[in-house]
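I opened a new notebook page for this structure. I wanted to go from the overall fold to single residues and write down what I looked up.

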Amino acid sequence: TNEPEPAGPLGDPPASWTGERCALWHEVVNAAPAGVLTGSDRLLVELTVRNLAQVRAVSDVTAAQSAELRRCLGEMGMTPSERGRLVVHTPDPDNPFLALLRKDDA
C-alpha cells in the first residue's frame, strides 16, 4: 500500500524512432505481462529495445549483451522466475471496502 503511484500509461515509442525500433517497442510491450508497464518504465523499455536491437543485429551475442538484456527483461517480469514474483494491483472500483482502506491511510 505504500508503493509510489506510477506516472500514467506507458504510451507510444519515442517520436524520433521509426521502423525497426518502433516494431521492437511494440514487441516488447505486447510481450510484457498485462498491467506491469507504466509511464515510469519508459526508460527501461527504451533500454530494452536498444539492447534487443543490438542482440538481433549480430550473429554471436556476448555474455555481457545477453546478461544485460536478460536483466532488463527480468525487471519487467518477462522471465519465468521474475514473472512468478510479480504482484499487479488492480483494485475493483466497485469494492465498498476500498473506501475503508482510504480512510485508514489518511
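The entries below run from the whole protein to one helix, then to charged pairs, cysteines and one threonine.

**Entry 1: the whole protein**

I noted at the start that this is a predicted model. I looked up the secondary structure and found five helices and zero strands. Along the sequence I read the pattern α-α-α-α-α. I then looked up burial: the protein has 106 residues, and 28% of them count as buried. For the accessible surface I wrote down about 7,600 Å², with 54% of that belonging to carbon and sulfur atoms. I also checked how far apart in sequence the contacting residues are. Among contacts with a separation of 6 or more, 61% are between residues 24 or more positions apart.

**Entry 2: helix α1**

I took helix α1, residues 19–31, and asked what span its 13 residues should have. At 1.5 Å a residue I expected 18 Å, and the end C-alpha atoms are 18 Å apart, so the two agree.

Next I asked which residues of α1 are buried. They are Cys22, Leu24, Trp25 and Val28. Seen down the axis of α1, the buried residues fall within an arc of 160°, so they line one face of the helix. On the other side of α1 I found Gly19, Asn30 and Ala31 exposed. I then looked for what the buried residues of α1 pack against, and the partner is α2, residues 42–57.

**Entry 3: salt bridges**

How many salt bridges does the structure hold? I counted two. I kept the general point beside the count: side chains of opposite charge can pair when their charged atoms come close.

One of them joins glutamate 27 and arginine 56, whose closest N and O atoms are 2.7 Å apart. This pair links distant parts of the chain, with glutamate 27 in helix α1 and arginine 56 in helix α2, 29 residues apart. I checked the exposure of both residues. Glutamate 27 is partly exposed at 37% relative accessible area, and arginine 56 is partly exposed at 48%.

Another is between arginine 71 and glutamate 68, at 3.1 Å from N to O. Both residues lie in helix α3, residues 63–75, and they are three residues apart, about one turn of the helix. Arginine 71 has 48% relative accessibility and counts as partly exposed. Glutamate 68 also counts as partly exposed, at 26%.

**Entry 4: cysteines**

I looked for disulfides and found zero. I still looked up two cysteines, and asked whether each is buried or exposed. Cysteine 22 has a relative accessible area of 18%; the cut-off for buried is under 20%, so cysteine 22 counts as buried. Cysteine 72 is buried as well, with 2% relative accessibility.

**Entry 5: threonine 48**

I ended with threonine 48, which lies in helix α2. Its relative accessible area is 0%, so I entered threonine 48 as buried. Which residues does threonine 48 touch, not counting those up to four places away in sequence? I listed Val28, Leu69, Cys72, Leu73 and Met76. Two of these names were already on the page: Val28 is among the buried residues of α1, and cysteine 72 is the one I had noted at 2% relative accessibility.

How values were computed: Residues numbered from 1 in each chain as written. Predicted model: local features only at pLDDT ≥ 70, side-chain atom pairs only at ≥ 80, totals over all residues. Heavy atoms only, no water. Helix = DSSP H or I, 4+ residues; strand = E, 2+ residues; numbered from the N terminus. Buried < 20%, exposed > 50% of the residue type's maximum accessible area, 1.4 Å probe, protein only. Contact = heavy atoms within 4.5 Å. Areas by Shrake-Rupley, 256 points an atom, 1.4 Å probe, with all protein chains shown as cover. Expected span 1.5 Å × (residues − 1). Arc of directions from axis to C-beta. Salt bridge = Lys/Arg side-chain N within 4 Å of Asp/Glu carboxyl O. Disulfide = S-S within 2.5 Å.
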